[in-house]
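Me: Please take a close look at one part of this structure and describe what surrounds it. I am in my first year, so plain wording would help.

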Amino acid sequence: MKSLVMRSVTIALFVLGLFGAEPARAQVDDSPVQTAGIRPALLRDVGLDQRLGSSIPLDLTFRDEHGHDVALRQFFGQKPVILTLVYYQCPMLCTEVLNGLLRSAKDLPLEIGKDFTIVTVSIDPTERPVLASVKHELYTGLYGRPGAPQGWYFLTGDEAQIKALAQAVGFRYAYDSASGQFAHPSGIMLLTPEGKLARYFYGIGYPSRDLRLGLIEASQNKVGSPIDQILLYCYHYDPATGKYGLLISRVIKAAAALTVLSLGFVIAILFRRENYGLRGRGA
């Protein structure tokens, strides 16, 4: 029993060391100007500011997944809208944002196209409708309900239009010419049918219950209250080394903490059983 306990302790310490130390090394290796716990210069102007109650410019024009020119106004008027700002060739969190939204949408009793609309806009002005079309087919197919192709749109646009939309919703991002990638926050925004910002969700996971309530309130043109910002930054993935240089290590650390807590719980049970066993033999 003692050997089992010692093995569990050793595993716990190993996991803690693995997850606690590695992100810091990755940050130093992939970004020489960055040391653990200090935000690099590129990320200082990156964030997602809550502009609740503000209206977005609905006359901005983009290209849909079919290459047609569309104004944002076309997606508003009747249903609440979930807005996501990503870029389609992103090697990091953008896919997690879309996957997280897909998971939540599939758990909702509300349906894309029938009860609400999703508008995904690329922040990369060099991306073209062909990429948007691939994303559209992928995610509407994975959603698997008939209204999705007419309810989830993937747009591309010119830099001026993208920046105007991003500024209106408080989405601050920056381009890193060295890596050819965008540094940006991760999150989604809920808007009323009139185009007013009603609620923000940060990160890559969006509880379906909260999302449902947010959509219901937004459909009634209600604006939610500010929430705490827990930001994840998408920036600097090196495919040659497989390292996420400045992918915020909070997700990794959270997973590590959960692992260590679970192991600690197992160790506590083992100790308790061992003490009971010793008492039993003493009796």
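The part I would like to have described is helix H3, which covers residues 129–143, together with what it leads to. Where do His 136, Glu 137 and Tyr 139 lie, and is each buried or exposed?

Reply: The model is a predicted one, and the account below starts at the helix and moves outward.

His 136 lies in helix H3. With a relative accessibility of 8%, His 136 counts as buried, because the limit for buried is under 20%. Its side chain reaches the backbone oxygen of Pro 149, at a distance of 3.1 Å. Leaving aside residues up to four places away in sequence, His 136 touches Glu 65, Gly 141, Pro 149, Trp 152 and Phe 154.

Glu 137 also has its place in helix H3. Here the relative accessibility is 57%, so Glu 137 counts as exposed; the limit for exposed is over 50%. Glu 65, one of the residues that His 136 touches, is 72 residues from Glu 137 in sequence, yet the two C-alpha atoms are 9.3 Å apart in space.

Tyr 139 brings in the aromatic rings. A pair of aromatic rings is described by the distance of the centres and the angle of the planes. The structure holds 11 aromatic pairs. In one of them, Tyr 139 and Trp 152 have their ring centres 5.6 Å apart and their planes at 40°, a tilted arrangement. Tyr 139 is in helix H3 and Trp 152 is in strand S6 (residues 152–155), so this pair ties together parts that are 13 residues apart in sequence. Both Tyr 139 and Trp 152 are buried. Another pair is formed by Phe 171 and Tyr 173, with centres 6.1 Å apart and planes at 45°, so that pair is tilted as well. Phe 171 counts as buried at 3% relative accessibility, and Tyr 173 is buried at 19%. Phe 171 and Tyr 173 belong to one aromatic cluster that also includes Tyr 87, Tyr 175 and Phe 182.

Strand S6, where Trp 152 lies, leads on to a sheet. Strands of a sheet pair through backbone hydrogen bonds, either parallel or antiparallel. In this open sheet, 5 strands follow the order S6-S5-S4-S10-S11, with mixed pairing. S6 and strand S11 (197–202) are the edge strands; each has a single partner strand, so one side of each has no neighbour in the sheet. On average, neighbouring strands are turned by 20° against each other, direction ignored.

At the S11 edge, strand S10 (residues 187–191) runs antiparallel to S11 and is joined to it by 5 bridges. Ile 188 stands opposite Phe 201 in S11. Helix H5 (residues 208–219) packs on the sheet and touches strand S4 (81–86), S10 and S11; the directions of H5 and S11 make about 165°.

One further feature is the largest nonpolar core, which has 59 residues. Ile 56, Leu 165 and Val 169 have the most contacts inside it. Helix H2 (residues 93–107) gives the most to this core, with 6 residues. Val 169 touches Ile 56, and its other contacts include Leu 83, Leu 85, Met 189, Leu 197 and Tyr 200, not counting residues up to four places away in sequence.

To return to the helix: His 136 counts as buried, Glu 137 counts as exposed, and Tyr 139 is buried.

Methods. Residues are numbered from 1 along each chain as its sequence is written. This is a predicted model: local features need pLDDT of at least 70, side-chain atom pairs count only at pLDDT 80 or more; totals for chains, interfaces and linings use all residues. Side-chain values use heavy atoms; hydrogens and water are left out. Helices (H or I, at least four residues) and strands (E, at least two) are DSSP runs, numbered from the N terminus. Buried means under 20% relative accessible area, exposed over 50%, partly exposed in between (1.4 Å probe, protein chains only). Rings of Phe, Tyr and Trp (its six-membered ring) pair if their centres lie within 6.5 Å; planes under 30 degrees apart count as stacked, over 60 as edge-to-face and the rest as tilted. A polar contact is a pair of N or O atoms within 3.5 Å; within protein, one must be able to donate a hydrogen and the other to accept it, and residues adjacent in sequence count only if both atoms are side-chain atoms. Contact means heavy atoms within 4.5 Å. Two strands pair if DSSP finds at least two bridges between them. Axes are lines fitted to C-alpha atoms, for helices over the stretch in contact, and angles run from 0 to 180 degrees between N-to-C directions. A nonpolar core is a set of buried Ala, Val, Leu, Ile, Met, Phe, Trp, Tyr and Cys residues joined through side-chain atoms within 4.5 Å.
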